[in-house]
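Colleague: Please pick one part of this model and take me through it closely. I'd like to know what sits around it.

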Amino acid sequence: MSSFPVGLLRKMAAEHRMMSVRGCMAAFLAMLCTFSSGKCDEQVPLMLWTSEGSGLLSQAVPAAGHIVGVTQLNSYLETALGSSPRNVLLFLQDKMSIEDFTMYGGAFGNKQDSAFPNLEGALLSSPSSLVLPTVAWPASNAVIGQLQDQLDTSPLYLDPEMLSQLRLNASTPALLVFRLPYSTGADLMSVKEVLSGNDEVIGQVMSIMKSQSVPYTAVYTAVRPSRQVSSISMDMEAGVRGGRSLLQYGDRKRERERQREKERAEKKANDRASERTGVYPPVEFKEGGAGCIMLWAENLTVSVLRGGRWERHDLTALTFGEGVTPRLQGSLCNQSHSSLVLNYENILGHRSFKLVFAMSQRHYKVSARRWFTLDAVEIEYDGQKATFNGSRNVYAPAEYSYRCQSVTNFRYPVLVPRTSKDPANQWRVSFTDFQIQGFNVAGGEFSYASDCAGFFSPGIWMGLLTSLLMLVVLTYGLHMIMQLHTMDRFDDPKGPAISVPQTD
């Protein structure tokens, strides 16, 4: 029977069971965790394998029960990347623990019921692999930054469809990040379905890399653990230190109540702000007293990746609303090019911050008319620039405005980073109910809007095809009914029998 290998899963499960066999041992471990700098339940597994080379075989596997910290994990990654391919595929799951593999990995002979067939196949077929069962989650949370420092490149967040369109180079290092979800519900079957879906993503990525014949190093880990041992240990230790457990439970309960109260207060503040805001006028840039650029959005949001977490900032209140006058220094417009520059200060820790919308228009012979495109959305911060390309998706006739319900670079992306090494890979932008016009503005109002949603949506196509199919069936049925003919003669029982000649 193959192992996950299965032997490794049994070893991981045995290590986990050894920590909770006896009540006194659980109490001792709980006291040890209390006085230590970390927590015993804050551990996630990490798996690393390569498509070629044997550098990982020389890595010393940590002793049973040893928790790999930030420094040791950095040493593992540095040694691995020193002799392994430098095209790194990082599968970063939201949550994961050892129990996920023992429960859903077919560790007890149920191989057909495993949720990780592609991951198991990748580990078995790899010439060099390394499995770390217990990694402190702060270390796994910082794995993006460690890989970024060692590869000297920015991470590029992808999905299998986007990966199939890239052409990687074995001589150029690349850090490709695939974010994987984890079920937060109480339904165990939903957890297994999510893990199976994540395993399919891993399988698709492995197939694409194999078809492109590009060597790679793959890492599979999570941001934080999916299960905590503290709740299990509390029940086992109740007879030893019930009073202390109750006090800790009370502290945790009060902490949760304070957190809920804080969230409710923030929600009320946001609701009051939205009530005050209402419908606000668009941002308009004027050149020579005449308007030439207009912008409106229900929500303008930017986010930056720091320490494995996305820090978000809402620019709506600083851009739109009564009494708000955005600073548009640096904006320009002419017959062929226009640029709207929104200037801010102290955004996400950056003293100088600019959001730039660069547009151009030109005549296209095929359509015999002029079209304008949003060439780029740029974020300029403290002397650096992150550039998103929007010319492929954001366009409209020159005399129209462009409107779209959602313009983002991460969920159904309309904007894409200009290059794989552009700082834009560290940023997210999200514009809700977005409308912009860079040319032919008249009267302080938007022209007719060219919407990003096509006239024939998937629902309309489905309805048309279904109606056409029903019409074809109805027409065929009517045609068959019209071909029916009644008999011209009938047999009379009182008269002579009808004679049907057998020959001509």
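Modeller: Let's start with a pairing: strand S8 (residues 290–296) runs antiparallel to S19, with 3 bridges between them. Strands here are DSSP runs of E, at least two residues long, numbered from the N terminus, and two of them count as paired if DSSP finds at least two bridges between them. Within S8's pairing with S19, Met-294 faces Gln-437 of S19.

This is a predicted model, where local features need pLDDT of at least 70 and side-chain atom pairs count only at pLDDT 80 or more, while totals for chains, interfaces and linings use all residues. Numbering runs from 1 along each chain as its sequence is written, and side-chain values use heavy atoms, leaving out hydrogens and water.

Back to the neighbours of S19. Strand S9 (residues 299–306) also pairs with S19 in the antiparallel sense, over 6 bridges. Here Val-304 stands opposite Trp-427 of S19. Then there's strand S17 (residues 401–408), again antiparallel to S19 and joined to it by 6 bridges. In that pairing, Val-407 has Phe-431 of S19 as its bridge partner.

What about burial? S19 itself spans residues 427–437, and 9 of its 11 residues are buried (under 20% relative accessible area with a 1.4 Å probe, protein chains only). That's why I'd call S19 largely enclosed by the rest of the structure. So, when you trace S19 on screen, look for S8, S9 and S17 as antiparallel partners of a strand that is largely enclosed.

Methods:
Buried means under 20% relative accessible area, exposed over 50%, partly exposed in between (1.4 Å probe, protein chains only). Helices (H or I, at least four residues) and strands (E, at least two) are DSSP runs, numbered from the N terminus.
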